[in-house]
Structure formats: structure tokens, C-alpha cells
Amino acid sequence: MEKRPVDKQFLRQGKDYTTLICYKKAVIIYDITYHFAHKYLERGDRTIDQMIQAARSGKQNIVEGNIDGITSTEMEIKLTNVNRASLHELLEDYKDYLRVHGLEQWPVNSPKAEQTRRYCATHNAPEDYTQKIAERSAETICNIAITLILQTDVMIKGLIEWQKNHFKDNGGIKEQLFNERRKQRGY
């Protein structure tokens with residue numbers, strides 16, 4: 001049997017998800033949540049596991065969607081949306097914590113919120129937050145996490161749009177297989 005050369009253009013290869021800013025921010029959200037849950041929630045509180053799992057899902061579904069997207073754009077879009085849903089679940093946990101503990105969710109136009117948005121928009125490495133988070137109050141950490149989640153959500157919506165357009169332009173794997181067979185047969 002004749003060995004065929006590998007056609008690297010046929011199935012797109014997985015993107016390096018670690019370069020996606022939304023992935024980098026998801027890592028930061030996970031790290032902040034892990035720290036917050038263990039420092040500010042009482043041992044035995046189920047919310048600890050729920051928050052950490054929501055943050056983990058927000059990160060891991062970018063990874064899984066990226067790999068699954070090689071053969072299934074539909075699955076890639078679904079997993080990317082699971083990412084969004086997980087981050088929204090986490091967003092509600094942070095808002096609940098502020099409300100239940102009588103702490104303030106900073107108004108959008110407040111100086112603190114504006115400063116936080118600027119910082120979070122330009123800092124995408126976990127180490128940019130590690131020491132700062134260790135020194136901040138629960139209220140501040142919640143507001144930083146809320147800001148990062150909202151910024152990441154905007155990026156994830158853009159990623160889903162890109163995925164939808166990619167599907168419209170290239171079709172799914174069945175269409176791609178059919179087109180490749182036709183090309184190979186010459187008709």
C-alpha cells in the first residue's frame with residue numbers, strides 16, 4: 001500500500017491556547033479563586049469546592065475545546081460556552097459573597113473599579129497578581145475577580161464568534177472529508 005504524505009492543511013491543528021489572552025486570564029481567575037476560597041471561606045463550606053471547580057472549568061474548557069475543535073467545531077463552540085457558563089457561575093459566587101458579608105461591589109464608574117479595570121486589562125500573567133492578592137481584603141479580591149471575569153467574558157464571546165465564522169467558512173469535518181475525497185478523485 002502506498003504511503004501518502006500527511007496533509008497538514010486538511011485538519012487544522014490545535015491553536016496554542018496558552019497564547020490566548022482569555023486563557024491567561026482564566027488561569028489568573030483560577031489562582032485568585034483558589035487563594036480566596038481557602039483564605040476567606042470556612043473549612044467544610046461546599047462553596048470552596050464549587051468556586052474552585054467553576055474557576056477550573058472556566059480554564060480547562062478552553063483547553064478541551066481547543067483540542068476537540070480539531071475534529072469538531074460544534075464541540076469546540078459548546079465547550080467554549082461551558083467556559084462562559086462556569087465563569088458566570090463563579091461571578092455569582094463572588095457577588096453573593098459580597099452581598100452576604102455586607103461588602104461593596106464597586107460601582108462601575110468608581111475610581112477603584114476604573115483603576116482595577118485598567119490594571120486587569122494590561123496584566124495577563126498570574127505573577128502580576130500573586131503578591132497583590134495575598135495583601136488585599138476579601139472585598140478587593142472579589143472586585144478584582146469580578147472585573148477579570150467580566151473582561152474574560154467579552155473575550156470568550158469574541159472567541160465563540162471566531163469559531164462560528166470558522167465553521168461557516170470551512171464547514172465541519174464531514175464536509176472537509178467529502179471535499180478532500182473529491183479533490184483526490186479529481187471531480
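A crossing of two helices is called left-handed if the near helix is turned anticlockwise from the far one by less than a right angle, and right-handed if clockwise. In the predicted model described here, local features need pLDDT of at least 70 and side-chain atom pairs count only at pLDDT 80 or more, whereas totals for chains, interfaces and linings use all residues. Residues are numbered from 1 along each chain as its sequence is written, and side-chain values use heavy atoms, with hydrogens and water left out.

The crossing of helices H1 and H3 is left-handed, where helices are DSSP runs of H or I with at least four residues, numbered from the N terminus. Two packed helices are described by the angle between their axes and the distance between the axes. For H1 (residues 21-40) and H3 (residues 73-100), the axes come within 13 Å and cross at roughly 35°; such axes are lines fitted to C-alpha atoms, for helices over the stretch in contact, and the angles run from 0 to 180 degrees between N-to-C directions. On the H1 side, Ile29, Ile32, Thr33, Phe36 and Tyr40 meet Leu87, Leu90, Tyr94 and Tyr97 of H3, with contact taken as heavy atoms within 4.5 Å. The residues of this contact divide into 8 nonpolar, 1 polar and no charged, under a scheme in which Ala, Val, Leu, Ile, Met, Phe, Trp, Tyr, Cys and Pro count as nonpolar, Asp, Glu, Lys and Arg as charged, and the others, Gly among them, as polar.

Two residues of H3 were examined individually. Leu90, found in helix H3, is buried, with a relative accessible area of 0%; here buried means under 20% relative accessible area, exposed over 50%, and partly exposed in between, with a 1.4 Å probe and protein chains only. When its neighbours within four places in sequence are left aside, Leu90 is in contact with Ile29, Thr33, Met51, Ala54, Ala55 and Ile149. Of these partners, Ala54 is 36 residues from Leu90 in sequence and 5.8 Å from Leu90 in space, C-alpha to C-alpha. Leu91 also lies in helix H3 and, at 3% relative accessibility, counts as buried. Once its neighbours within four places in sequence are set aside, Leu91 is in contact with Ile146, Ile149 and Leu150, while Leu91 and Met51, which are 40 residues apart in sequence, are 9.2 Å apart in space, C-alpha to C-alpha.

Helix H2 (residues 46-68) contains Arg56, a residue that is partly exposed, with a relative accessible area of 38%. The C-alpha atoms of Arg56 and Ile29 are separated by 8.8 Å, although these residues are 27 residues apart along the chain.

Side chains of opposite charge can pair when their charged atoms come close. The structure holds 7 salt bridges, each defined as a side-chain nitrogen of Lys or Arg within 4 Å of a carboxyl oxygen of Asp or Glu. One of them joins the side chains of Lys95 and Glu92 at 3.9 Å, N to O; these two residues are separated by about one helical turn because they are 3 residues apart in helix H3. Lys95 is partly exposed, with a relative accessible area of 26%, and Glu92, at 40% relative accessibility, likewise counts as partly exposed. In another salt bridge, the side chains of Arg99 and Asp96 meet at 2.9 Å, N to O, and both residues lie in helix H3, 3 residues apart, about one turn of the helix. Arg99 counts as exposed at 56% relative accessibility, whereas Asp96 counts as partly exposed at 28%.

Helix H6 (residues 138-170) holds Glu161 and Lys164, which, being 3 residues apart, are separated by about one helical turn. The side chains of Glu161 and Lys164 meet in a salt bridge of 2.7 Å, N to O, and the two residues count as partly exposed, Glu161 at 38% relative accessibility and Lys164 at 34%. In addition, Arg84, Asp153 and Lys157 are linked in a network of salt bridges.

A search of the whole structure finds 0 disulfides, a disulfide being a pair of cysteine sulfur atoms within 2.5 Å. The sulfur of Cys22 is 15 Å from the closest cysteine sulfur, in Cys120, and is therefore too far for a bond. Similarly, the sulfur of Cys120 is 13 Å from the closest cysteine sulfur, which belongs to Cys142, again too far for a bond. Cys22 is buried, with a relative accessible area of 5%, and Cys120 is buried, with a relative accessible area of 1%.
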